[in-house]
Amino acid sequence: MSLLKKEKKPKKEKQSRKDKRIKKETSEQIVRIEELEALMQKYGDDVDPETLVSMYLPHRKRRKIGAALLQLDRMHLLLLGLLLAVAVLFIAAFAQEKMGNFTINLNRLELYRKGISIADNGDFDGATARLVANTVQDATNISIDDIPADVDSIDGGHNGKNYMAYTYYVRNAGKEDLGYIASITLDSCAKGAEKAVRIAVYQNGERIVYAAPADDGGTEDGCENFLSDKLVCQYENKDFLVGNVDRYTIVIWMEGDDPDCVDAIIGGSVQFSMSIDADYDDHTSLLWKYVKDIKDTLVQDKPINAAGNEAPNGSYYPDRKITWDTRRNK
């Protein structure tokens, strides 16, 4: 009996050591499926069936994506590449649209194609339908008296310390007299900075300063109120005759004398834009508009080149260039 006991005892010790190894290998961490299969082959049915098993397979997603791409033919890969390129261009265009703290946008369909254009110089070199002013970084508050007296006599962007200034021109070098509406809108703001901001608009030399309403609902000293929370002001020119040129200078700053110019708005920001739209509703189809443009070209009626200086045939200046110095509305 004692011999039998001595022979069985090592088996129990051996079995105990085996159980400890199994327990150690399965309890230190969650076991993956492939590891569980190796344990089953090594220890057989001695593996605890309640062992936690992970369904995760290393690099499984990458392998599946790679296999899927290999199954695509060249045409599918080309289409996928084009789709990604379009997405990148769209994101870039969107990001560009949001750059700067002031943009001027001219209605391309109703105005630009009819010979209305904008430029940052009186000679209309590089005339276009969109202009962007540079951002003023880390600006602090100033007084209106700190704005230079000649701020309306410098073309293009001419920011100063703690203020933004931009001068541009609108020209009618088309074939017909028409009207437009220029609107300035508040596109975004932060930390209540819009309550202390000032916008001075010079239209052909005449200045008006705009501000958010005072706390009592009245107007700030020397200012006119914003038309609404989002609309700052509007300028309407019903008789923008062929040969006319209008000049605008926009100046934006944080007014230090405003009661709302307090420490709480430090780090705040504002972003404005100015849009120039037609003062009429044209319900003619887009197709017919382009057909008319093609017809004008075929009958040798000089087509409109809004980005150029020369006026088309039959305009106010058939043989001259339309600039700020030669404008009709002097």
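Reader: Which residues make the nonpolar surface patch of about 290 Å²?
Author: This is a predicted model, so let's start on its surface. One member of the patch, Leu79, lies in helix H4, residues 74-97. Leu79 is partly exposed, with a relative accessible area of 48%, which puts it over the 30% that a patch member needs. The patch of about 290 Å² is made by Leu78, Leu79 and Leu82.

Reader: And the whole protein: what share of its accessible surface belongs to carbon and sulfur atoms?
Author: There are 330 residues here, and 36% of them count as buried. The accessible surface comes to about 20800 Å². Of that area, the carbon and sulfur share is 54%.

Reader: How many helices and how many strands does the secondary structure come to?
Author: Take the contacts between residues with a separation of 6 or more: 72% of them come from residues 24 or more positions apart. As for the elements themselves, the count is 5 helices and 14 strands.

Reader: Which residues touch the most other members in the largest nonpolar core?
Author: That core has 42 residues. Phe102 is a good one to look at: beyond its neighbours within four places in sequence, it is in contact with residues including Leu131, Met164, Ile184, Ile250 and Phe272. The ones that touch the most other members are Phe102, Tyr168, Ile184, Phe272 and Ile276.

Reader: Apart from that one lies another core; how many residues does it have?
Author: Among its members are Ile142, Ile147, Val151 and Tyr202. The count for this other core is 12 residues.

Reader: Is E13 enclosed or open, and how many of its residues are buried?
Author: Go along the strand and look at both faces. On one side sit Val245, Arg247, Thr249, Val251 and Trp253, and on the other Asp246, Tyr248, Ile250, Ile252 and Met254, all buried. So E13 is largely enclosed by the rest of the structure, with a buried count of 10 of the 10 residues.

Reader: Which strand does E13 pair with over 9 bridges?
Author: E13 pairs with E9 through 7 bridges, running antiparallel, and there Arg198 stands opposite Trp253. The pairing over 9 bridges is antiparallel too, and Tyr168 stands opposite Tyr248 of E13. The strand that pairs over 9 bridges is E7.

Reader: Let's do charges. How far apart are the closest N and O atoms of Arg198 and Asp258?
Author: Side chains of opposite charge can pair when their charged atoms come close. Arg198 is in strand E9 (residues 197-203) and Asp258 is in the loop between E13 and strand E14, so the pair ties together parts that are 60 residues apart in sequence. Arg198 counts as buried at 4% relative accessibility, and Asp258 does at 2%. Their salt bridge has its closest N and O atoms apart by 2.8 Å.

Reader: Which residue forms a salt bridge with Lys114?
Author: Lys114 lies in the loop between strands E3 and E4, and its partner in the loop between E7 and E8, so the pair ties together parts that are 62 residues apart in sequence. Lys114 counts as buried at 11% relative accessibility, while the partner is partly exposed at 38%. The closest N and O atoms are 4.0 Å apart, and the partner is Glu176.

Reader: Asp155 meets which side chain in a salt bridge?
Author: Asp155 is in the loop between strand E5 and strand E6, and its partner is in strand E13, 92 residues apart. Asp155 is partly exposed at 34%, whereas the partner counts as buried at 10% relative accessibility. Salt bridges that share partners also bring in Asp152, making one network of the three. At 4.0 Å, N to O, the side chain that Asp155 meets is Arg247.

Reader: What does the count of salt bridges come to?
Author: Among them are Lys114 with Glu176, and Arg198 with Asp258. The count comes to 4 salt bridges.

Reader: Last one: what distance separates the C-alpha atoms of Ala264 and Ala193?
Author: Ala264 lies in the loop between E13 and E14. At 55% relative accessibility, Ala264 counts as exposed. Ala193 is 71 residues away along the chain, and the two C-alpha atoms are separated by 8.9 Å.

Technical notes:
Residues numbered from 1 in each chain as written. Predicted model: local features only at pLDDT ≥ 70, side-chain atom pairs only at ≥ 80, totals over all residues. Heavy atoms only, no water. Helix = DSSP H or I, 4+ residues; strand = E, 2+ residues; numbered from the N terminus. Buried < 20%, exposed > 50% of the residue type's maximum accessible area, 1.4 Å probe, protein only. Contact = heavy atoms within 4.5 Å. Areas by Shrake-Rupley, 256 points an atom, 1.4 Å probe, with all protein chains shown as cover. Core = buried A, V, L, I, M, F, W, Y, C linked by side-chain atoms within 4.5 Å. Patch = residues over 30% accessible without salt bridge, like charges linked within 9 Å, V, L, I, M, F, W, Y side chains within 5 Å. Pairing = 2+ DSSP bridges.
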